[in-house]
Amino acid sequence: MKIKSARPKHISDIARLLTAAFIDDPVLREYVARSRDPETALEGFFTNELKGFYIPRGVVDIAVDDGVILGAGLWSSPDSPMRRRDSIRMLPGMIRSLGR
């Protein structure tokens, strides 16, 4: 297994992995509770976060074994926190993915 930095080409695989890991999380489940398809909505949420902030400005490390992503860690570094303008820029994608 290797740990490496994620790239834009990894976004869909990471979003699917995070969706599978967090679909039963009580807080995130509430985000998608009224969606027609909660799994698709949550995957859209993660995709939006990855595209809109974490891949371009944050840190995303992935654990890869034989070309398969087994885990991912996402965070913002202290010198590049998520700012209000980041949230506003991601708002349309958030509405699309979580909109009822």
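How much area does the chain expose, and what share of it do carbon and sulfur atoms supply? The chain exposes about 6500 Å², 53% of it from carbon and sulfur atoms; accessible areas come from the Shrake-Rupley method with a 1.4 Å probe, and for residues only the protein chains shown count as cover.

This is a predicted model, in which local features need pLDDT of at least 70 and side-chain atom pairs count only at pLDDT 80 or more, while totals for chains, interfaces and linings use all residues. Residues are numbered from 1 along each chain as its sequence is written, and side-chain values use heavy atoms, with hydrogens and water left out.

The mean pLDDT (the predictor's confidence in each residue, from 0 to 100) is 88, and 99% of the residues reach 70 or more. Confidence is highest in helix 1 (residues 11–22), with a mean of 97, and lowest in helix 4 (residues 84–98), with a mean of 74.

Four helices and three strands make up the secondary structure, in the order β-α-α-α-β-β-α along the sequence. The radius of gyration is 14 Å, close to the 13 Å from the globule rule for 100 residues, so the chain is as compact as a globular protein of that length. The radius is taken over C-alpha atoms, and the rule is 2.2 Å times the number of residues to the power 0.38. Helices (H or I, at least four residues) and strands (E, at least two) are DSSP runs, numbered from the N terminus.

Of the 100 residues, 38% count as buried, meaning under 20% relative accessible area with a 1.4 Å probe, protein chains only. Among contacts (heavy atoms within 4.5 Å) with a separation of 6 or more, 63% join residues 24 or more positions apart.

Key: Buried means under 20% relative accessible area, exposed over 50%, partly exposed in between (1.4 Å probe, protein chains only).
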